[in-house]
Structure formats: structure tokens, C-alpha cells
Amino acid sequence: MLGRSSVIARNFSQSMVRYSGHGGVPGENLPFGLHNKYRITALFTIGCVLGFGSPFLIVRHQLLKK
């Protein structure tokens, strides 16, 4: 009984990979393009700086308030 369900699951997963339109192309499902490496580098840098630095700036702002 358990062996039969694994065969059905495997067949289903193989058919989903075969018939789906997404797969095999890196970055196809990203909300931004990967064609301009300088733009990607700039966006990554801005995201990291804002994500890492904002808590420190918020704490600094709170400590300097009167």
C-alpha cells in the first residue's frame, strides 16, 4: 500500500515538472531582471546597507531624542 502511493506521487511530480512552464532557467521567477550586473550589484548593496544599517540608525535617533 505504501509503495503504491510513492509511485503515484513520483509520477505526479514528474508530470508537473514536465508540463510546467517555469523551470530550468535561473532567475525566471524573480521580480527583477538579471541581465545588467551593475544594476543587480547596486540593488543588492542598497538592500544590504538599508537592512543592516536601519536598526542602528533607529536606535541612534531614539537615543538622541530629548
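**Briefing: a two-helix chain and its aromatic pair**

The count of aromatic pairs comes to 1. Phe52 and Phe56 form that pair, and the rings are tilted: 5.4 Å centre to centre, with 50 degrees between the planes. The model is predicted. The protein chain holds 2 helices and 0 strands.

**Aromatic pair**
- Phe52 and Phe56 both sit in helix α2.
- The two residues are 4 residues apart, about one turn of the helix.
- Both Phe52 and Phe56 are exposed.
- The pair counts as tilted because its 50 degrees falls between the cut-offs: under 30 degrees is stacked and over 60 is edge-to-face.

**Annotated segment**
- UniProt, in an unreviewed entry, places the feature "transmembrane region" at residues 40-59.
- In the model, residues 40-59 are 100% helix and 0% strand.
- The end C-alpha atoms of this segment are 29 Å apart.

**Loop and nonpolar patch**
- Leu34 is found in the loop between α1 (2-19) and α2 (37-64).
- Leu30, Phe32 and Leu34 form a nonpolar patch on the surface.
- Together these residues have about 250 Å² of accessible area.
- Leu34 has a relative accessible area of 42%, so Leu34 is partly exposed.

**Whole chain**
- The protein chain has 66 residues, of which 3% count as buried.
- The protein chain exposes about 6,500 Å².
- Carbon and sulfur atoms supply 68% of that exposed area.

Definitions and conventions:
Residues numbered from 1 in each chain as written. Predicted model: local features only at pLDDT ≥ 70, side-chain atom pairs only at ≥ 80, totals over all residues. Heavy atoms only, no water. Buried < 20%, exposed > 50% of the residue type's maximum accessible area, 1.4 Å probe, protein only. Areas by Shrake-Rupley, 256 points an atom, 1.4 Å probe, with all protein chains shown as cover. Patch = residues over 30% accessible without salt bridge, like charges linked within 9 Å, V, L, I, M, F, W, Y side chains within 5 Å. Salt bridge = Lys/Arg side-chain N within 4 Å of Asp/Glu carboxyl O. UniProt positions renumbered as here; feature names shortened; annotations may be inferred. Phe/Tyr/Trp six-rings, centres within 6.5 Å; stacked < 30°, edge-to-face > 60°.
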